[in-house]
Number of protein chains: 2
Amino acid sequence: MKMLSSLARCVSGTSMGFLRTLRAAGKPSAPCLGQQTLAAASQPTLGPSPGVRRAQTLDRERLLQVEWDDGSSSLFPFTWLRDNCQCPLCTLQSAQARSLLLSDLDVHTGVEKVRLMESNKVSIVWPDQHSSEFEPDWLKKRCFSAAARHARQEELFLNEREYWDAGLKIPTANFEEVLHDDKAALAWLLALRRMGIAYLKGAPLEQGQVARLSKRIGYLRLTFYGHTWQVQDKPMANNVAYTSGNLSLHTDYPALQHPPGVQFLHCLTQASEGGESVVVDGFHMAELLRKEDPEAFGTLSTLRVDFTDMGADYCDFWVQSKHRIIDVDAEGRVVRINYNNATRDSTLDLPLHQVQSFYTSLKAYVDLMNRPENVVTYRMEPGDLVTFDNWRLLHGRRSYVSHEDRLRHLEGAYLDWDEVMSRLRILRKAVQGES
Amino acid sequence: MKMLSSLARCVSGTSMGFLRTLRAAGKPSAPCLGQQTLAAASQPTLGPSPGVRRAQTLDRERLLQVEWDDGSSSLFPFTWLRDNCQCPLCTLQSAQARSLLLSDLDVHTGVEKVRLMESNKVSIVWPDQHSSEFEPDWLKKRCFSAAARHARQEELFLNEREYWDAGLKIPTANFEEVLHDDKAALAWLLALRRMGIAYLKGAPLEQGQVARLSKRIGYLRLTFYGHTWQVQDKPMANNVAYTSGNLSLHTDYPALQHPPGVQFLHCLTQASEGGESVVVDGFHMAELLRKEDPEAFGTLSTLRVDFTDMGADYCDFWVQSKHRIIDVDAEGRVVRINYNNATRDSTLDLPLHQVQSFYTSLKAYVDLMNRPENVVTYRMEPGDLVTFDNWRLLHGRRSYVSHEDRLRHLEGAYLDWDEVMSRLRILRKAVQGES
């Protein structure tokens, strides 16, 4: 947690509100103050696994029971063990991938012999004399208990979020440090993951910085707006962002089936008047809506709405999609917000009797987002670079006065969460070691 | 439909089976023979819209009723009409995007006056004296009746699929024609969309052809395996595909949250022995499973399974995902298959009592796929290029004998369905005109 302390918190919201930490499962925990924002951004670390005291088969249930040194025990199905034999015949070591074919797997296999080796590995001999060996650590991590599975999933996906309102102090780091120091880069990505937004200061005043930053992760995502894109007031704008007008709170590119997960915006020139940035925590707003107006939440998390985008930029395009504005998973947890009023299609694929309730619900959500106590306003200065979760945050911009001789200019780029999470896992392992 | 006749069907399956046409909704229609495969690959065309006979408001219901010349009528909610005013204040014409803010929309608006203009447009004056005009064609397309909505969605997304088994004659076109002729390109993409696979012959025998073909659409999708990737027997392979071993039926890259929608594979050198390609229609297999073993279908379309991939290629990576192997939408329609036995994670996030039913269900699905009557086998020759739907098809490869002096070599690339569908819509409009 030490490496987090080098981050300042210098971009402040309009008022001091309270922050709530919510687990992905929606369980509220104690409120914490803005100054503690990043302290909570580390991931759970699992201690070293205990050794194996005893390993035995429960043959009728076709389970292996492993008793650990600390007195706890784990159960592993025979089928799963055989499926995951780590020997060079069953696993392609260089790719860490399964080479055992499913057609060669006996899903009703028994076990001929189990023994605990001197190395504390568990050895299994199968009825066909094939044998497998399992490291205690490897087994313990993959225990099927609810607690172990939850810890493992949290370790892999870091799904804990800290919700915020206008009181947010946006976590802030130094651009060059993030580029060159693994600890700074890890702290940046952990904050981006948990808070949904992280600010970098001190980027050079020239184009190409969002691309440099994306290479720190892996690669950026190309879209019809180009590898990177220039947010400026343009004649014949093919996007409402390319005007000087007010941009109401939105997520970018819901017209794609898989909207970009992360957005980078680098300020090269700011307007002399106007152009302030605004953001809200879309997940937090969705949870407030669920509480205040469950019917509206139900409507927006059920009905699928059409989005469209056509024009020409990197090349000509005509994309279409259908999304729920509040996307929830099978357990009802909010996982993505898809909303951009500009590209919401005039085609509305709903039966007539659902149209009014759709509009009323959407208005309720938008009104909630626009309440001053929920909106964070900040003004980007040249050299500032904001990175945010485009699946979670809604962002907007106040209108500005456009001067031909000093055009407001932001450069932007997209990445997907897969690539960002991949770098996060690799950095965490490099900085903190294997957990 | 004429432009489809120039396509040959020269890659044949191992046996003659029957083909079924299924609507996305799962309604079976009359079977049709392999030779008719492409005849059915066109999209529904809507005739010119009738004029408006009368337009009147139903004020209590806050609906506009439009009576068409053909005697039919449509209803449009006031709110929706106001929301979709096409005037230059409410719509940014250059982007064809909504500039009207939701906070400025009265979702309970009335209407002051409606009249039918000489041009047959419907004119509405709103209580605040703002006025809107709507083209009859524009309105008719957006009618809220179930039939009109279905037609519109089919026009936008072309979701009709034709299911197949070993009897498939893979639709085949000429590589250079597809590159240079819009009609040939349209026929190719329509076949790819409907059948899930289309073959191109006559590609030059050098690398770079999958990239050239992707530019015909827009751009390819970069992944951790690079912009394009070379399928060859490699030392220290970071993927089981980069060996000479048998590859069982799989979809590519389920370790990504949004696996690539379309795959291109170009054959540069074939093995002298072995290396045949195999494909099955994963949607068809899923529907067969739903019929033969509803419990297995229920399990695979409900449980989320972990996938993982780590290594180094374009850069170092460690990706993780959770997917249902048979992905269904809210209506229960199969929309994607996510299955690769090599990257299925040893971490299995299921309670113990669901593990055995997961393995039994997966085995049932795999056994069904492997039945000879379901598998299409073909052998790629140098210059052949196969394009297929990676969300629908499972593909594999027989093992081959690897010769150091003549390495089997395929070059591959990925695209997303968003970009492919975008090009399909644009080509259709160019070739067939506005429907």
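Which residues is Ile326(A) in contact with, leaving aside its neighbours within four places in sequence? The first legend takes up this question, and the legends after it turn to other parts of the predicted model.

**Figure 1. Surroundings of Ile326(A) in the largest nonpolar core of the predicted model.** Leaving aside neighbours within four places in sequence, Ile326(A) is in contact with Ala286(A), Leu289(A), Phe297(A), Leu300(A), Ser301(A), Val334(A), Arg336(A), Ile337(A) and Tyr365(A). The core to which Ile326(A) belongs has 96 residues, and Ile326(A) and Tyr365(A) are the two that touch the most other members. Helix H9 of chain A (residues 352-370) contributes the largest share of this core, with 8 residues. Another core, of 95 residues, lies apart from this one and includes Leu139(A), Tyr163(B), Leu303(B) and Cys315(B). As a general background to such views, nonpolar side chains in soluble globular proteins tend to be buried together.

**Figure 2. Ala296(A) and its contacts within chain A.** Ala296(A) has its place in helix H8 of chain A, which spans residues 294-300. Because its relative accessible area is 2%, and buried means under 20%, Ala296(A) counts as buried. When residues up to four places away in sequence are not counted, Ala296(A) touches Leu289(A), Ser361(A) and Ala364(A). Of these partners, Ser361(A) is 65 residues away from Ala296(A) in sequence, yet the two C-alpha atoms are 4.3 Å apart in space. For chain A as a whole, 74% of the contacts between residues at least 6 apart in sequence join residues at least 24 apart.

**Figure 3. Met117(A) in a loop between two strands of chain A.** The loop that holds Met117(A) runs between strand S8 (113-116) and strand S9 (122-125). Met117(A) counts as buried because its relative accessibility is 18%, where the cut-off is under 20%. Leaving aside neighbours within four places in sequence, Met117(A) is in contact with Ser123(A) and Glu133(A). A separation of another kind is given by Met117(A) and Glu273(A), which are 156 residues apart in sequence and 73 Å apart in space, C-alpha to C-alpha. The chain around this loop comprises 10 helices and 25 strands, and buried residues make up 61% of the 435 residues in chain A.

**Figure 4. The interface of chain A and chain B, with the salt bridge between Asp316(A) and Arg423(B).** The contact takes 84 residues from chain A and 85 residues from chain B. About 7900 Å² is buried between the two chains, and carbon and sulfur atoms give 57% of this area. Leu102(A), Tyr219(A) and Trp318(A) supply 10% of the area that chain A buries against chain B, more than any other three residues. The rule finds 6 salt bridges across the interface, and in the one formed by Asp316(A) with Arg423(B) the closest N and O atoms are 2.8 Å apart. Across the interface of chain A and chain B there are also 48 residue pairs in polar contact, both residues being at pLDDT 80 or more. Several elements of chain A each supply at least two residues of the side that touches chain B, among them strand S18 (304-312), strand S19 (316-324) and helix H10 (417-432). By class, that side of chain A has 43 nonpolar, 23 polar and 18 charged residues.

**Figure 5. Two residues other than glycine with positive phi, Tyr253(A) and Leu158(B).** Most residues other than glycine have a negative phi. In Tyr253(A), phi is near 60°, and this residue is found in the loop between strand S15 (247-250) and strand S16 (262-269) of chain A. With a relative accessibility of 6%, Tyr253(A) counts as buried. In Leu158(B), phi is near 45°, and the residue lies in the loop between helix H3 (146-157) and strand S11 (161-163) of chain B. Leu158(B) is likewise buried, its relative accessible area being 7%.

**Figure 6. Helix H7 of chain B and its N-terminal cap.** Helix H7 of chain B, residues 282-292, is mostly covered, as 8 of its 11 residues are buried. The buried residues of H7(B) are Gly282(B), Phe283(B), His284(B), Met285(B), Ala286(B), Glu287(B), Leu288(B) and Leu289(B). The N-terminal end of H7(B) is capped by Asp281(B), a side-chain oxygen of which lies 3.2 Å from the backbone nitrogen of Phe283(B).

Methods:
Residues are numbered from 1 along each chain as its sequence is written. Chains are lettered from A and ligands numbered from 1 in the order in which they are written. This is a predicted model: local features need pLDDT of at least 70, side-chain atom pairs count only at pLDDT 80 or more; totals for chains, interfaces and linings use all residues. Side-chain values use heavy atoms; hydrogens and water are left out. A nonpolar core is a set of buried Ala, Val, Leu, Ile, Met, Phe, Trp, Tyr and Cys residues joined through side-chain atoms within 4.5 Å. Buried means under 20% relative accessible area, exposed over 50%, partly exposed in between (1.4 Å probe, protein chains only). Helices (H or I, at least four residues) and strands (E, at least two) are DSSP runs, numbered from the N terminus. Contact means heavy atoms within 4.5 Å. Buried area is the accessible area (1.4 Å probe) that two parts lose on being put together, summed over both. A salt bridge is a side-chain nitrogen of Lys or Arg within 4 Å of a carboxyl oxygen of Asp or Glu. A polar contact is a pair of N or O atoms within 3.5 Å; within protein, one must be able to donate a hydrogen and the other to accept it, and residues adjacent in sequence count only if both atoms are side-chain atoms. Ala, Val, Leu, Ile, Met, Phe, Trp, Tyr, Cys and Pro count as nonpolar, Asp, Glu, Lys and Arg as charged, and the others, Gly among them, as polar.
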